[in-house]
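Hi,

Here is the structure I promised to pass on to you. Have a look at it first, and then read on for what turned up.

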Amino acid sequence: MSNKVLNLDISKDPKFNPIIYGRVGDGENQRVTIVATGRDEQIDLTGWTITFEGETSGGKTKVFDSDNIVSTSEGLKKGTFDYIFPNMAFAVAGKYKRAYFSFIKGNVRDTTGDIKIIVLGNADIDAPEAETIITEYNKLVEELRKLQDQSISEMNQNFAATEAKITALEKQLSDTQSELQQALKDFENGNFWKKEESFNKEESSANVIYQIIGKNDVELTLNLDFKNKVAGSNVENANSGSFSANTQLLKPSQFTVDRYMDYPKYYALDGNVQKINNSEGTNRAQVLVKFNAIDAISRSLGEKFWTSQGADTLAKKIMVAKKLMTYTNYHVHGFGSSPSGNKLSTAYWLEDLDNYSITRPSNNTNQTKEIVYTFFDTNAKKTISPDGNCYILVYADATDGTTGSTINLDYVRFELKLKMSIPDFINSMMAAYSGENVDKKFVGLGNVDNYATATQVEAEAGTSTNKFMTPQGSRQFYLKETRTRRQKWDEGLNWIAHRGNNTEYPENSLPAFQQATRHWGIETDIQVTSDGKWVVMHDATVDRTTNGSGAVSSMTLNQFRALRIDTGPNIATLSDSEKIPPTLEEYLIICKQFNKVPVIEIKSGSYSAANYTLLKDTLNLFGYDESNCVIASFDFIVLTNIRAIYPNMELHMFFNSIDTNTINQLMTLGIPAVASCSYSNASVTAANVKLLHAAGLKVGVWTVNDDKFEEMKKLGVDYITTNSLSGNLRYSKLTYQNGFVDGGGIADATYVEELGGSAVHANFNVERGINTQNSPIALFPEWAVPVKRQYSQCSVRTSTGVVLGSFDINARTNPNGVTAGSIAVGLNWSDRTTWAAGSTVYKI
């Protein structure tokens, strides 16, 4: 049999499925050439495993064949290969249930659209004329499909030629249909049959055509908006809108068409918004959007479509439309405001309820956002009113007579999906063509948007509604999203060291950062010097923490670095270099060295674009971006500027209290975001934490003391900022027993600390007390008590020198007379005269 060329697209958009005919026993000499594309663009199949997958009539045989693929490297680059059907592919008579080619590479799998395969019995039809007519018909259908792919690009350059081709093709198709009708009459008269049981003579010609073309459905998507709308005219665009205001939501019949509508502002999603306001009484600003569904179907399928369906009145057209409708949704781009805050609400008008839909999606920000609401199947059919229109209401909350009820609209779009058989689709396309209108609508692409391809930045942002996405762009978006979701702090409660370890070292000093070892993150404060350098300092001036005076913003970097920190814990133990106030770079070096998350508070103030650029460049230098760094501030403007740089960074905003304004500001800022407040504020309640979590936000508290940790944990907060030595890894001073005190005047010399992996380090250095074996030296906190008792060595000072002794780590279960959860006196303490000291690591 002759070699056929099949054009298959992996997008699986509704098209004419190619047809292959064979007879039981055929195979090996049945060879086809496949041209695979992706949305009509050439694809490269190099390195992909290609498989023919099919299921024969009745599911009797399943074919999975990669062995009969014939290809060349040059052909694969263009998505082209040959396939030779094996005998098993034509073993069962009848129509294949499904057939297609699959492409697999690694973990990625894709498939083509379906191929229609019809296997004839050995003696069903022997008239060459029948096969010739059917083959010619299929060739014409294939040629029409090719013309669909070519016509859009050709029509602007060679419109007249395209029109001539279409006209000639129509004539050929008409002639062939006449031949087909004659052949069908011959079939019915028995002229071509040898087996009368092959087809029932009572079958109509339409049924035979139906079997030739196939039984698959096609789904059409109609997009309705206000492009080219002219007020007072339905010629260019039959959709319309209207503004009104009332204390109640008005019905569609209560609006005046085109009232206060500036249609050119709705032509595209371009930031050109129409602002509509009402400040009377307690009115709500309302815009009714009317989309003419019947007109949209007529423009797409042609008026003859209604005639073919017997729909000669509006009521009958609506009945047909409802039968075909499977899906409706609207896309409203805008925002609203009123005395109660920012809110723009939307709703469908449902004629059977004589009311608007109960679900009313809204945008609760002060920025243009997309509001989408979708109805399927039965509910979708309810959206069309007896006048053939679908109505959408857009409204703001009520005015108080002073502050207006305001609607800001940029763009409104309505989608309507219709499901119909391919024969009906073909007939409607033919009927729609008027001879002088060769355009993409005629060739079945009237609702295919002609968008440009998204750039990498646009693909990663994932916000554009008017760009096509290539496979590479999809991968870039996926990688960006998954990287954002890999933030390690998604896992639960985390502790932040406030200005580093400021309990043992001066705040915001290098030693304070280096010794913040038990916390998830290290918080610091940054601001800019007069020469534009980011430096670490909490106060606006250097007076409190250094030997200098004056505002940081008035000093150059060299002047700032000439200062010395002169106050804080253990200041006398710091070297001169450790007393130099740090730069942002020095802080980031330590965070990276100790694998800590930088929590950077930008002090309130005015910063230039150059300042923000330097901040980003500095973070990038040390490998920090929106996936592994936090920026915080009291200043909403600062955080808004950071959000523009890092769309996915978790931003912490500090508040004096938590209220609805908190949520509104954070939602405007965009997720991921954290509301951070003083733990002692009365607004830090379980109810408010729950409210923030329900909005997709997190909650942080500061500056929390050790004795309040459990209370904050019970509230469900996500971050605890603290001055404590205890953090994600716990730390506690031990409680002395039996008169023991710190040895050698060393404060807090007896403590226990968590090391991670269930390991705990205990240390003691004591004087006084008693030397009786098993006597407790100090008690552990409950979390540090092990399950099993342990013995360790220690040093004991006697009158003659230092001897080796032992001490006990007493567990939850111990011998009689032993105090559980204690460090206790062990062996060889009887001659102790002054101090004893020991250290050990054990498991809990």
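To start with a small puzzle: is R98 buried, partly exposed or exposed? R98 is partly exposed, with a relative accessible area of 36%. The class follows from the cut-offs used here, where buried means under 20% relative accessible area, exposed means over 50%, and partly exposed lies in between (1.4 Å probe, protein chains only).

Before the rest, two notes on the source. This is a predicted model, so local features need pLDDT of at least 70 and side-chain atom pairs count only at pLDDT 80 or more, while totals for chains, interfaces and linings use all residues. Residues are numbered from 1 along each chain as its sequence is written, and side-chain values use heavy atoms, with hydrogens and water left out.

Now the overall picture. The protein has 844 residues, of which 49% are buried. It contains 20 helices and 44 strands; these are DSSP runs (helices H or I, at least four residues; strands E, at least two), numbered from the N terminus. About 39,500 Å² is exposed, and carbon and sulfur atoms supply 49% of that area (Shrake-Rupley method, 1.4 Å probe; for residues, only the protein chains shown count as cover). Among contacts (heavy atoms within 4.5 Å) with a separation of 6 or more, 67% join residues 24 or more positions apart.

Back to R98, which shares a partner with K97. Side chains of opposite charge can pair when their charged atoms come close. The rule for a salt bridge is a side-chain nitrogen of Lys or Arg within 4 Å of a carboxyl oxygen of Asp or Glu, and the count comes to 25. R98 forms one with E55, their closest N and O atoms being 2.3 Å apart. R98 lies in strand β10 and E55 in strand β5, so this pair ties together parts that are 43 residues apart in sequence. E55 also meets K97 in a salt bridge, at 3.7 Å from N to O. K97 sits in the loop between β9 (94-95) and β10 (98-105), 42 residues from E55. E55 is buried, at 12% relative accessible area, whereas K97 is partly exposed, at 47%.

A more local pair is K713 with E710, at 2.9 Å from N to O. They are 3 residues apart in helix α20 (residues 709-715), which means about one helical turn separates them. There is also a salt-bridge network that links R499, E507, D539 and R544.

Next, the interior. A nonpolar core here is a set of buried Ala, Val, Leu, Ile, Met, Phe, Trp, Tyr and Cys residues joined through side-chain atoms within 4.5 Å. The largest one has 53 residues, and Y587, I602, L615, L619, I631 and I642 touch the most other members. Helix α15 (residues 584-593) gives the largest share of this core, 5 residues. L615 touches I526, W534, L584, I602, I631 and I642, leaving aside residues up to four places away in sequence. A second, separate core has 49 residues, including A245, V289, V320 and F375.

Helix α15 deserves a look of its own. Its buried residues are L584, Y587, L588, I590 and C591. Seen down the axis, these fall within an arc of 160°, so they line one face of the helix (the arc is that of the directions from the helix axis to the C-beta atoms). Their cover includes α13 (510-514), β27 (521-528), β28 (534-536), β29 (597-602) and α16 (609-621). After α15 comes N595, with a positive phi near 55°.

Enjoy looking around!
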